[in-house]
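Hi,

Here is the structure I said I would pass on. Have a look at it first, and then read my notes underneath.

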Amino acid sequence: MALPKHASTLERVWHYIYLVICGVIFTFLIAPILIVIPLSFNAEPFFTFTPKMLALDPEGYSLRWYDLILTFGMQAPELVRDGSWWADTWNNAAWIKAAKNSVIIGFFATILATVLGTVAALGLSRPEMPYRRTIMAILISPMIVPIIITATGLFFFYSSISIAKWELFGWQIPYLGIILAHATLGIPFVIITVTATLVGFDHSLTRAAASLGANPRTTFFKITMPLILPGVISGALFAFVTSFDEVVAVLFIGGFNEQTIPRQMWNGIREQISPAILSVATILVVFSIFLLATVEILRRRSERLRGLSPG
């Protein structure tokens, strides 16, 4: 934003100093990403820039570590890449199985966190709700309490109720403990985003719908839900990213076969250091940027719906 013409010399100097400070902070935050992305294309099994990379020699760059994501853990990675090869990748590749587990766990944890968080936010938005501040503090506490404490508490709680032995119609429920843990961690994000959306919500609309004969379910799905939908989706995206990126609770609660991408990265750092971790990190960065862009689009749409910004 340009400075006004009547700005003093001191104000102009501070403006440019402020821009420099912001640039330094931004560079400090973005520097790890700027290092990880080019290193993921390193042709050598090193975590440093090789002379060929620094010289921008094409021979110094390779997609071998991205290919390793598909082949690591396969039974026959050297065969022709036909249908059976891709089936082997899908069923046996360690990174692919970890990605499938992360998506499954994140999907169900996001649904559970979104439903419970939206219901809680709607209740807490009512002025007649007693002890709103206390309940809000309790519900968002997983965001504040260190994750190691939360994971330890969940471990002992799940052990006391033997959650690993729970069954549904005679079938054992896979990933149940991790899904519930990740839902617990995602609920605060849903509550905060939906509550922020409800700040400008006009409750007279629901009263008008009720006066015209609409039942509560119709009022919610026809009036309330369309207006708070951007906040609900934003909260769901944050809950999914939280689940997709979480590793501490998985280490405490997850079984041997419940490997997620962060846990696989953790195991790779401890057991087999490979630049494939950088390739996975690069893919996750691109995925996170896409989700953040989606959240920003939804935020602007929510502001337009509430009349807070010009359309």
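Below is what I found, going from confidence to the core, the surface and the charged pairs.

First, keep in mind that this is a predicted model. The chain has a mean pLDDT of 84, with 94% of its residues at 70 or more. Among the elements, helix α5 has the highest mean pLDDT, 91, while strand β2 (residues 171-172) has the lowest, 64. Where pLDDT is low, the predicted coordinates should not be read in detail.

Now for the inside. The largest nonpolar core is made of 17 residues, and Trp-95, Ile-261, Met-265, Val-280 and Leu-284 have the most contacts within it. Two or more residues each come from α3 (64-71), α5 (94-124), α11 (216-245), α13 (261-271) and α14 (276-305). Of these, α14 gives the most, with eight residues. If you want a place to start looking, try Trp-95: leaving aside residues up to four places away in sequence, Trp-95 touches Leu-68, Ile-69, Phe-72, Ile-261, Gln-264, Met-265, Ala-276, Ile-277 and Val-280.

Another residue to click on is Thr-150, in helix α8 (residues 147-161). Thr-150 counts as buried because its relative accessible area is 14%, under the 20% cut-off. Again leaving aside residues up to four places away in sequence, Thr-150 touches Val-145 and Leu-185.

Over to the surface. Which residues make the nonpolar patch of about 1,100 Å²? They are Val-13, Trp-14, Tyr-16, Ile-17, Tyr-18, Leu-19, Ile-21, Ile-25, Phe-28 and Leu-29. One of them, Tyr-18, sits in helix α1 (residues 9-39) and is partly exposed, with a relative accessible area of 44%.

Finally, the charges. How many salt bridges does the structure hold? There are two. In one, the side chains of Arg-81 and Asp-67 meet at 2.6 Å, N to O. This pair links distant parts of the chain, 14 residues apart: Arg-81 lies in the loop between α3 and α4 (83-92), and Asp-67 in helix α3. Both partners are partly exposed, Arg-81 with a relative accessible area of 42% and Asp-67 with 27%.

The other salt bridge joins Glu-59 to Lys-52, whose closest N and O atoms are 3.4 Å apart. Here Glu-59 counts as exposed, because its relative accessibility of 57% is over the 50% cut-off. Its partner Lys-52 is partly exposed, at 41%.

Cheers

Notes: Residues numbered from 1 in each chain as written. Predicted model: local features only at pLDDT ≥ 70, side-chain atom pairs only at ≥ 80, totals over all residues. Heavy atoms only, no water. Helix = DSSP H or I, 4+ residues; strand = E, 2+ residues; numbered from the N terminus. Buried < 20%, exposed > 50% of the residue type's maximum accessible area, 1.4 Å probe, protein only. Contact = heavy atoms within 4.5 Å. Patch = residues over 30% accessible without salt bridge, like charges linked within 9 Å, V, L, I, M, F, W, Y side chains within 5 Å. Areas by Shrake-Rupley, 256 points an atom, 1.4 Å probe, with all protein chains shown as cover. Salt bridge = Lys/Arg side-chain N within 4 Å of Asp/Glu carboxyl O. Core = buried A, V, L, I, M, F, W, Y, C linked by side-chain atoms within 4.5 Å. pLDDT = per-residue confidence, 0-100.
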